[in-house]
Amino acid sequence: MPEQTLDLSSRDPDWWRQAVFYQVYPRSFADADGDGLGDLRGITRRLTHLSTLGVDALWLSPFYPSELADGGYDVADYRDVDPRLGTLDDFDAMVAEAHRLALKVMVDIVPNHTSRRHEWFEEALRSAPGSPARDRYVFRDGRGAHGELPPTDWQSVFGGSAWKRVEADQGHQTDHAGRTGHADRVPDGQWYLHLFTPEQPDLNWANEEVRADFLTTLRFWSDRGVDGFRIDVAHALAKDLDVPLRDLGAPELSGEQALAALPPGTHPFFDRDEVHEIYRDWRKILDAYTPPRMAVAEAWVPGARRALYARPDELGQAFNFEYLQAGWDAEELRGVITDSLATARSAGASATWVLSNHDVVRHASRLTLPPGTDPNAWLLSDGTAPPVDAAAGLRRARAATLLMLALPGSSYVYQGEELGLPEVADLPAEALQDPIWEQTAHTGKGRDGCRVPLPWTTTGPSYGFGAGGAWLPQPPAFASYAVEAQDGVEGSTLELYRAALALRRRLLDGEDLTWAAESAPGVLDLTRTDGWRCVTNLSATPVELPPGEVLLSSAPLEGDGRLGPDTTAWLGS
């Protein structure tokens with residue numbers, strides 16, 4: 001393993017509190033070997049893009065061995081690299097180059113479920129009911145005269161029952177890479193729990209072997225120089241598995257949105273109080289390193305409950321998705337920002353801000369959809385009902401970004417948003433890879449539209465993504481969004497991000513903000529502790545700016561110096 005070279009600032013234990021993280025979805029970032037799939041060597045070659053952009057850290061979505069039943073979130077081995085993406089040596093080289101460029105590295109940990117290709121699950125299927133191998137997962141007998149009914153009415157997040165019956169034909173399965181697996185399975189008719197796809201069996205976190213193995217995984221990647229971890233569906237690990245398992249009584253209560261309808265901590269598989277014991281054990285491992293490894297929870301739970309995951313003796317930070325979910329409305333955004341800061345403060349954490357990621361419609365498209373629009377219905381219409389005004393969407397996206405970067409806390413930027421990429425809503429059905437498409441019987445289009453590989457150049461078979469094609473088709477319009485098309489171009493979205501991140505680094509001081517005592521309707525006006533002021537006009541008419549030097553604006557000011565609609569400006573005192 002190569003020796004890691006870190007800058008002195010890396011020894012600051014609180015480096016993450018106001019850092020800007022750049023999320024890389026490895027299969028869609030850069031393809032070094034020309035097979036159409038992004039890889040680790042491709043990421044390493046493009047790390048200078050992150051460095052010149054001005055972010056502080058690289059967040060790497062799953063790169064582990066996987067059959068890609070759920071975009072890599074079905075992990076077959078937590079301590080290795082998918083051979084299609086590279087090797088552990090490639091990973092070490094990527095980390096070394098990132099650290100040379102003063103970039104921290106955060107990786108995804110997916111602890112709720114494994115792939116069905118994981119050696120533990122293969123062993124479980126070969127083993128008898130009640131065996132130690134099956135106890136690592138959640139196997140139960142079915143209901144009905146012959147066990148033909150699922151053990152409960154629990155529903156998968158992706159649609160359909162959350163239970164899959166062990167059948168004889170599971171002995172022969174072909175993965176997305178064309179490999180055929182074979183094992184002598186036990187067709188005993190038991191059912192196993194999968195809160196996501198059937199290819200992602202849920203682990204039993206009451207099992208001590210499961211707990212110990214993930215502590216080993218945290219040490220494995222920390223020892224390789226990883227600076228932090230993003231914890232996938234962090235709220236789902238602990239489950240009420242007392243016999244008999246209890247029904248929810250209504251399928252819709254299986255969803256995360258049902259948490260608010262049930263007493264806190266009582267849902268059978270989401271946000272149970274016991275989950276915090278797990279993260280207190282994790283924190284002991286993370287704190288054993290210098291500096292301590294940071295962690296952030298993906299926990300889709302109400303704010304007061306989310307704060308528990310962010311406590312200093314647990315993960316330390318938790319994603320706040322309210323900013324992402326908020327409409328383009330000044331009062332709604334002000335309420336979300338105020339509440340989110342208070343929630344983070346109650347845990348001793350810093351706030352997190354997100355506009356886009358690998359699971360949602362890109363905000364350059366989403367922010368221009370009329371209030372109340374169902375994003376899935378819009379995707380099913382191939383982005384035509386309603387049609388999107390790309391220019392208006394980009395204008396709002398730029399304004400929302402400058403507002404986000406002015407807020408106290410850390411910001412998470414998704415690859416391609418610095419280019420202003422819109423959602424690719426019109427992907428043809430035959431190109432779709434997301435399991436949501438099949439699992440919902442084609443009533444949910446899924447998340448492929450935000451995962452289309454990045455354009456780096458204005459020409460070529462995949463616009464510079466690789467020497468060949470790309471695993472998801474890129475629209476011709478991507479040429480105009482390419483890095484090559486925007487690099488050094490005044491006013492481009494790429495140059496706006498670069499300017500904003502450089503200025504942000506210079507202006508940061510403290511973690512507080514003050515709202516202006518008075519502001520025009522539809523305007524957000526806030527000041528950070530050092531006098532740095534951010535004004536966002538979400539109204540339809542230009543507004544007067546307060547006194548101060550305009551340091552940066554998301555769009556040119558009006559001819560008379562006023563702040564136009566859907567525009568953010570940063571002002572110095």
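**View 1. R165 and W191 face each other across two paired strands.** In this predicted model, R165 has a bridge partner in strand 8, and that partner is W191. The two strands that meet here are strand 5 and strand 8 (residues 191-193), which pair in the antiparallel sense over 3 bridges. Step back a little and you'll see an open sheet of 3 strands in the order 4-8-5, with antiparallel pairing. Its edge strands are strand 4 (139-140) and strand 5 (163-165), and each of them pairs on one side only. If sheets are new to you, here's the basic idea: strands of a sheet pair through backbone hydrogen bonds, either parallel or antiparallel.

**View 2. Seven strands line up in a parallel sheet.** Now for an open sheet built from 7 strands, in the order 10-9-3-2-1-12-11, with parallel pairing. At the edges sit strand 10 (294-297) and strand 11 (352-354), each pairing on one side only. The sheet isn't flat like a board: neighbouring strands are turned by 25° against each other on average, direction ignored. Zoom in on one edge and you'll find strand 11 paired with strand 12 (residues 410-414) in the parallel sense, over 3 bridges. Look for W353 there, standing opposite S411 in strand 12.

**View 3. A helix crosses two strands.** Helix 3 (residues 88-100) lies across strand 2 (57-60) and strand 3 (104-109). Against strand 3, helix 3 runs at about 140°.

**View 4. Two aromatic rings stack between two helices.** Searching the whole structure turns up 32 aromatic pairs, and this close-up picks out F214 and W282. Their ring centres are 6.5 Å apart and their planes are at 15°, so the pair counts as stacked. F214 belongs to helix 6 (residues 208-223) and W282 to helix 7 (residues 275-286), so the pair ties together parts that are 68 residues apart in sequence.

**View 5. The second largest pocket has a lining with many kinds of residue.** Here the open space comes to about 340 Å³. The pocket is lined by 17 residues, and the closest to its centre are W15, Q18, A19, D56 and R505. Which helix gives the most to this lining? That's helix 17 (residues 493-507), with 3 residues. Sorted by class, the lining has 6 nonpolar, 3 polar and 8 charged residues.

**View 6. The largest cavity holds about 90 Å³ of space.** The structure has 5 cavities of 30 Å³ or more, and this view goes inside the largest. Its lining counts 14 residues, with R306, A318, T343, A344 and S350 the closest to the centre. Two elements give two or more residues to the lining: helix 8 (303-309) and helix 10 (330-347). Helix 10 supplies the largest share, 4 residues. By class, you get 7 nonpolar, 6 polar and 1 charged.

**View 7. The second largest cavity borrows from strand 12.** About 70 Å³ of space lies in this one. Of the 14 residues lining the second largest cavity, Q23, W59, F319, F321 and N357 lie nearest its centre. You've already met strand 12 in the parallel sheet; here strand 12 gives the most to the lining, with 3 residues. The class count for the lining is 7 nonpolar, 4 polar and 3 charged.

Notes
Residues numbered from 1 in each chain as written. Predicted model: local features only at pLDDT ≥ 70, side-chain atom pairs only at ≥ 80, totals over all residues. Heavy atoms only, no water. Pairing = 2+ DSSP bridges. Axes fitted to C-alpha atoms, helices over the stretch in contact; angles between N-to-C directions. Contact = heavy atoms within 4.5 Å. 1 Å grid on protein atoms, 1.4 Å probe; cavity = no way out; pocket = protein on both sides within 12 Å on 5 of 7 lines; lining within 4 Å. Points joined across faces, edges and corners; volume = space filled by probe spheres on them. Nonpolar A, V, L, I, M, F, W, Y, C, P; charged D, E, K, R; others polar. Phe/Tyr/Trp six-rings, centres within 6.5 Å; stacked < 30°, edge-to-face > 60°.
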